[in-house]
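Student: Please take one small part of this model and look at it closely, pairing by pairing, and then work outward until I can place that part among its surroundings. I would rather have one connected account than a list.

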Amino acid sequence: MKKLNSEKGFALPVALMLLVVMTLMGAALVTTTSSDMSSNNDRDNSSQAFYAAESGISMAKEWLAQQPSYVPGSNPDNQLRFCKTSLFPSIRPGQARAIRNQGGQNHIYRNNLSALISASGQEATRLSNFSFEYFITQTPDKNGFTNSAQKKPGTNNVYYTIYSCGCDASSSSCRSQTNNIIALEAIVTIK
Amino acid sequence: MKKNTKGFTLAEVLVAVVIGVISVAAAFSAYNYYTKSYEAVSQKANVNSAARDALILITKDLRNAGFIGTSFLNANCENLDSRTARLNLASVSSKRPGLSGRYGQSDFLAVWYAVSPQDRKRVFYWLVKKQNSNEYFLARDVVINPNGHSRAGCPGWNNNYNHPVNTELLVSHVEDFQVIFKDKDGKVLVPACSTSCGPEEVKQGWQQIVATSYGNMNKGQANQQNIHSADIYLTVRSPKEVYNSNRSFRIVNGEAGYGSNISVSADKYYRETFFASVHTRNLSIPQVPTTNTAGSIGEGQGYNK
């Protein structure tokens, strides 16, 4: 009787080779897709952060309109979490004087978008991952100092500048090194 | 030792060869199909991301367009006053010969805005043909203080300062580029151009002198103060052929008369028109404040990073 213990064959090498090829293809697919996804996410998040900064400006205008008086305080840099004064080239470094609130403190406000927009479920979670922070100074003069009032020509109306930043993380976890931060300024006068 | 005398019959070999050829052909055609479709999808993806990135840049410039800071008129190096600073804000000139792209319909966009109390930035966007190629690119060129430094205490012209980057080519294979300005009622605003206006603006009498609250200007310049929003259309073609059969494409951008309406002869390229609309916050101040902001009026927003 013939012995049937032939060790010849090619199924195993072929299977191994196929496995390697498939794995490489799969890995390539995952890398291209994930880099596309992260760049898309980045774009989405920075445009959402822009609108978060816009919300900050609206909130600041609303706050300004309600104040009986506007007293410049001190440099807010230490109290700011991510909307640092160095993001704004119009302010000379160290010369920002934030407007105070009625309690005599520098008025700095930050919040998540979920606090402004009522939503539930997934949407609420998404909104809680975007935040803004703002402070207000008298509009800086041409040298970047904010301690003296600039007035609208021909009137007695003082110019104020709102500095607002939007961030694609919640206000407590936003970090300037890793998050998308969009900085905006708006100049207003109070009627 | 027994010699191995086993073998295959001719019929067996033939069958094996036929099966082998069929399976190799199937594998090859599948591979071919997948590479082709991958190529097509990646061409579309590249066209998309390049066009989107360019639109982000254009919308950013248009949002800043016309910004004049509160100290700017007292300190700017170009020595602009309240009238001359407003002669150049945001300008579109259409169908300018040599600058209007492959189909002769495209626009030339220029925006100006203050980046500090001393400095003003001028940004141009237009379609340019690259040397040795028949293709048009969307180009962007930035100049700081284009009128030079005429105020005492300002430095002389210096390319490192005034023209820090050479003209950048943002997107390749651009077919058409349109910017349409609208006023606060949504009406198309033509002419809104400051200098070197195109045939369309000439037809609309851009050089007529009109009185504004900042003094006399020509009509094209005066209209810049009324721009409330800008619609941007960018039509891009894939660098390589994508489709198996010829397809025709129609570019329809904006309202007839001022936009473009182009029929492209049928070919195998992929084309897409990208659109963005921007509120030009520094040009036309909103007339109706919302209840939230009724207590304050926006003067301008800018110096944006």
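**A hairpin and its surroundings**

Tutor: In this predicted model, B:V210 stands opposite B:M217 in β8(B). The strands concerned are β7 (residues 209-212) and β8 (residues 215-218) of chain B, which run antiparallel and are joined by four bridges, and the connection from β7(B) to β8(B) is a hairpin that passes through two residues. Strands of a sheet pair in general through backbone hydrogen bonds, in either a parallel or an antiparallel sense.

From this hairpin we can move to another antiparallel pairing in chain B, where β6(B) and strand β9 (residues 229-237) are paired over eight bridges. Here B:F177 has B:L234 of β9(B) as the residue opposite. This pairing belongs to an open sheet of three strands in chain B, whose order is β6-β9-β12 and whose pairing is antiparallel. Within that sheet β6 (174-182) and β12 (271-279) of chain B are the edge strands, and because each has a single partner strand, one side of each is left without a neighbour in the sheet. Averaged over the sheet and with direction ignored, neighbouring strands are turned by 10° against each other.

The loops on either side of β6(B) have backbone features that deserve a careful look. Most residues other than glycine have a negative phi, and most peptide bonds are trans. In the loop between β5 (168-171) and β6 of chain B we find B:H173, whose phi is positive, at about 55°, although this residue is not a glycine. B:H173 counts as buried, because 20 C-beta neighbours lie inside 10 Å. In the loop between β6 and α4 (199-203) of chain B lies B:P191, and the peptide bond that leads from B:V190 to B:P191 is cis, with omega near 0°. A further positive phi, near 55°, belongs to B:K95, again a residue other than glycine, which is placed in the loop between β1 (90-94) and β2 (107-114) of chain B. With 19 other C-beta atoms within 10 Å, B:K95 is partly exposed, since a residue needs 20 or more to be buried.

Strand β6(B) also leads us into the interior. In soluble globular proteins, nonpolar side chains tend to be buried together. The largest nonpolar core in this model has 48 residues, and B:V111, B:L138, B:V174 and B:L234 are those with the most contacts inside it. Two or more residues of this core come from each of α1, β1, β2, β3 (120-129), β4 (136-144), β6 and β9 of chain B, and β2(B) supplies the largest share, seven residues. If we leave aside neighbours within four places in sequence, the contacts of B:V174 are B:G101, B:L127, B:Y136, B:F137, B:L138, B:L234 and B:V236. There is also a second, separate core of 37 residues, which includes A:I57, A:F88, A:L127 and A:C167.

Helix α1 (residues 10-64) of chain B has 55 residues and reaches 81 Å from its first C-alpha to its last, close to the 81 Å expected at 1.5 Å a residue. Among the buried residues of α1(B) are B:V47, B:A51, B:L55, B:I58 and B:L62, whereas B:V15, which is found in the helix as well, is exposed, with 12 other C-beta atoms within 10 Å. Between B:V15 and B:V242 the C-alpha distance is 38 Å, and 227 residues separate them in sequence. After α1(B) comes B:G66, which has a positive phi near 85°.

In chain A, an exposed position can be seen at A:P153, which has 10 other C-beta atoms within 10 Å and lies in the loop between β2 (131-138) and β3 (159-167) of that chain.

A word of care about confidence belongs at the end. The mean pLDDT of chain B is 87, and 92% of its residues reach 70 or more; over residues 287-305 of chain B, however, the pLDDT is below 50, although this stretch has 58 contacts in the model beyond near neighbours in sequence. Where pLDDT is low, the predicted coordinates should not be read in detail. For the complex, the predictor gives an ipTM of 0.80 and a pTM of 0.84.

Note on methods: Residues are numbered from 1 along each chain as its sequence is written. Chains are lettered from A and ligands numbered from 1 in the order in which they are written. This is a predicted model: local features need pLDDT of at least 70, side-chain atom pairs count only at pLDDT 80 or more; totals for chains, interfaces and linings use all residues. Two strands pair if DSSP finds at least two bridges between them. Axes are lines fitted to C-alpha atoms, for helices over the stretch in contact, and angles run from 0 to 180 degrees between N-to-C directions. pLDDT is the predictor's confidence in each residue, from 0 to 100. Two residues are in contact if their C-beta atoms, placed from the backbone, lie within 7 Å. The expected span of a helix is 1.5 Å times one less than its number of residues. A nonpolar core is a set of buried Ala, Val, Leu, Ile, Met, Phe, Trp, Tyr and Cys residues joined through C-beta atoms within 7 Å.
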